[in-house]
Amino acid sequence: EKLEKQLADKDIKLSKLIKDKENLETYAKQTLKIFQQKYIATTQDFMIQLKEKTQMIQALEAELGSEQEDVQIWYNMEDKKDEDSIDASSSAHTIHTIFI
């Protein structure tokens, strides 16, 4: 009779431990699922932000490249004017020398 009572007590404790284990596993699975959902959402947000930043950088680089081309064209025009001026003064000097 005493052993039967002890056995019943052990069965109750075992049942409680099994239930606690199941509850802990359920909680862990739910927590992991919530974490994964938040991780995926955050990752997607960062990927969108990264794409936007990359597009902005590419646009700025294209604009900078265009401005650099404009500056280069301007410098080339200035160099051409300087060369023409040098050629004109050299020609004038040559003509002046010939007539002198």
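How many aromatic pairs does the chain hold by the ring-centre rule? The count comes to 1 aromatic pair. The legends below start with the whole chain and then turn to that pair and to a charged patch.

**View 1. The whole chain of this predicted model.** The chain contains 1 helix and 0 strands. Helix α1 covers residues 2-99. The chain has 100 residues, and buried residues make up 0% of them. About 9,800 Å² of the chain is exposed. Carbon and sulfur atoms supply 62% of that area.

**View 2. The aromatic pair of phenylalanine 35 and tyrosine 39.** By the rule used here, the count is 1 aromatic pair. Phenylalanine 35 and tyrosine 39 form this pair, and it is stacked. The ring centres lie 6.3 Å apart. The planes meet at 25 degrees. The pair counts as stacked because planes under 30 degrees apart fall in that class.

**View 3. Where the two rings sit on the helix.** Phenylalanine 35 and tyrosine 39 both belong to helix α1. They are 4 residues apart, about one turn of the helix. Is phenylalanine 35 buried or exposed? Phenylalanine 35 is exposed, and tyrosine 39 is exposed as well.

**View 4. A negative patch on the surface.** Which residues form the negative surface patch? Glu63, Glu67, Glu69 and Asp70 form it.

**View 5. Glutamate 63, one of the patch residues.** Glutamate 63 is located in helix α1. Its relative accessible area is 46%, so glutamate 63 is partly exposed. Patch residues need over 30% relative accessible area, and glutamate 63 has 46%.

Technical notes: Residues numbered from 1 in each chain as written. Predicted model: local features only at pLDDT ≥ 70, side-chain atom pairs only at ≥ 80, totals over all residues. Heavy atoms only, no water. Patch = residues over 30% accessible without salt bridge, like charges linked within 9 Å, V, L, I, M, F, W, Y side chains within 5 Å. Areas by Shrake-Rupley, 256 points an atom, 1.4 Å probe, with all protein chains shown as cover. Salt bridge = Lys/Arg side-chain N within 4 Å of Asp/Glu carboxyl O. Lys, Arg positive; Asp, Glu negative; His and termini not counted. Charge placed at Lys NZ, Arg CZ, Asp CG, Glu CD. Helix = DSSP H or I, 4+ residues; strand = E, 2+ residues; numbered from the N terminus. Buried < 20%, exposed > 50% of the residue type's maximum accessible area, 1.4 Å probe, protein only. Phe/Tyr/Trp six-rings, centres within 6.5 Å; stacked < 30°, edge-to-face > 60°.
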